[in-house]
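Please follow the strands and loops in the order given below, keeping the sequence beside the view as you read.

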Amino acid sequence: MVQHRPTTRLPLRQVEWMEHGGSVHTHGTFCPFRRASTSMDSCRGCPHFGHLEGDGAMECLREPTLSHAEAAALLAKRRICTGRDNLMSRVMLGELGAAHTVCTAASTPVSQAAARVVAAEAPGCIVIDERHHPVTFVSRTRLASSHPPWLPVAECPTEPFLVMPEDSPLDDVIARMTQEHQRVIVATDVDARATGLVTDLDVLRWVGERRRA
Ligand code: SF4
């Protein structure tokens, strides 16, 4: 078994696409080295794949491209968000976000979508079309307060969100969130399919973790 050693990377994340009819397809994770989403099978066949003992979480053990020391130095100089040649321009949207992203077809009953969101500890679900393109976002709170349980998730009240390519640099993400007053970003792959969900809290958490490093 590959031994765990500290990295700056978050554990590998997955996106679930719940199709019309209830079947669930699990897509892979964003690979920061390929700068694109890849299937979990590709990760499992990669020499950098690691399985953490205990909770069964999966992690990429490839040497980090950013060290904690470098991150701390850049933050101490207050150089974040001030230019392209900094840490924020090298971290990509796809590297952030919850361990699981839940996407559901518009016809999915609220109760089913809510159960998956709770199990995944996700902030909500992305409603997708038949091509897995994002259509709307329904927050956890909205799911919990929507009745009756068989109501199609597409009929729930929705929250605004931005769509950005998963390889967008973090400084661009923060700039758009700020300029457009948005708190939720849906990451998409080259085929415009939803592959991740990032909130303002995820961004704050990322910055906070590097401040503590
Ligand atoms: S384990 Fe391999 S394929 Fe997966 S994210 Fe890491 S480098 Fe990419």
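V184 stands opposite T199 in strand β12, where strands, like helices, are DSSP runs numbered from the N terminus (E of at least two residues for a strand, H or I of at least four for a helix). Strand β11, residues 184-188, is joined to β12 by 5 bridges, and the two run antiparallel; strands count as paired if DSSP finds at least two bridges between them. In the hairpin that β11 and β12 make, 5 residues lie between the strands, and A192 among them takes a positive phi near 65°. Because 6 of the 6 residues of β12 (residues 194-199) are buried, this strand is largely enclosed by the rest of the structure. A residue is called buried if 20 or more other C-beta atoms lie within 10 Å of its own, exposed if 12 or fewer do, and partly exposed in between, with C-beta atoms placed from the backbone.

This is a predicted model, in which local features need pLDDT of at least 70 and side-chain atom pairs count only at pLDDT 80 or more, while totals for chains, interfaces and linings use all residues. Residues are numbered from 1 along each chain as its sequence is written.

The hairpin belongs to an open sheet of 3 strands in the order β10-β11-β12, with mixed pairing. Its edge strands are β10 (162-165) and β12, each of which pairs on one side only, and the twist averages 30° from one strand to the next. Between β10 and β11 there are 4 bridges, and these strands run parallel; M164 has A187 in β11 as its bridge partner. Helix α5, residues 170-180, packs on this sheet and touches β10 and β11, its direction making about 165° with that of β10. Contact here requires C-beta atoms, placed from the backbone, to lie within 7 Å, and angles run from 0 to 180 degrees between the N-to-C directions of axes fitted to C-alpha atoms, for helices over the stretch in contact.

A second group of strands can be followed in the same way. Here 5 strands form an open sheet in the order β2-β1-β7-β8-β9, again with mixed pairing, and the edge strands, each pairing on one side only, are β2 (24-27) and β9 (134-139). The twist averages 25° from one strand to the next. Strand β8 (residues 124-128) pairs with β9 in the antiparallel sense over 5 bridges, and F137 in β9 is the bridge partner of I126. Helix α3, residues 110-120, lies across β1 (14-18), β7 (100-105) and β8, running at about 175° to β7.

Which backbone features mark the loops? In the loop between β8 and β9, H132 has a positive phi of about 70° although it is not a glycine, and because 21 other C-beta atoms lie within 10 Å, H132 is buried. H181, in the loop between α5 and β11, likewise has a positive phi, near 55°, in a residue other than glycine, yet with 8 C-beta neighbours inside 10 Å it counts as exposed. A cis peptide bond, with omega about -5°, joins H147 and P148, and P148 is found in the loop between α4 (140-145) and β10.

Finally, the ligand is surrounded by residues including C31, R34, C43, H48 and R62, a residue being near a molecule if its C-beta atom, placed from the backbone, lies within 6 Å of it. Both β3 (29-31) and α1 (40-44) supply at least two residues of this shell.

Key
Two residues are in contact if their C-beta atoms, placed from the backbone, lie within 7 Å.
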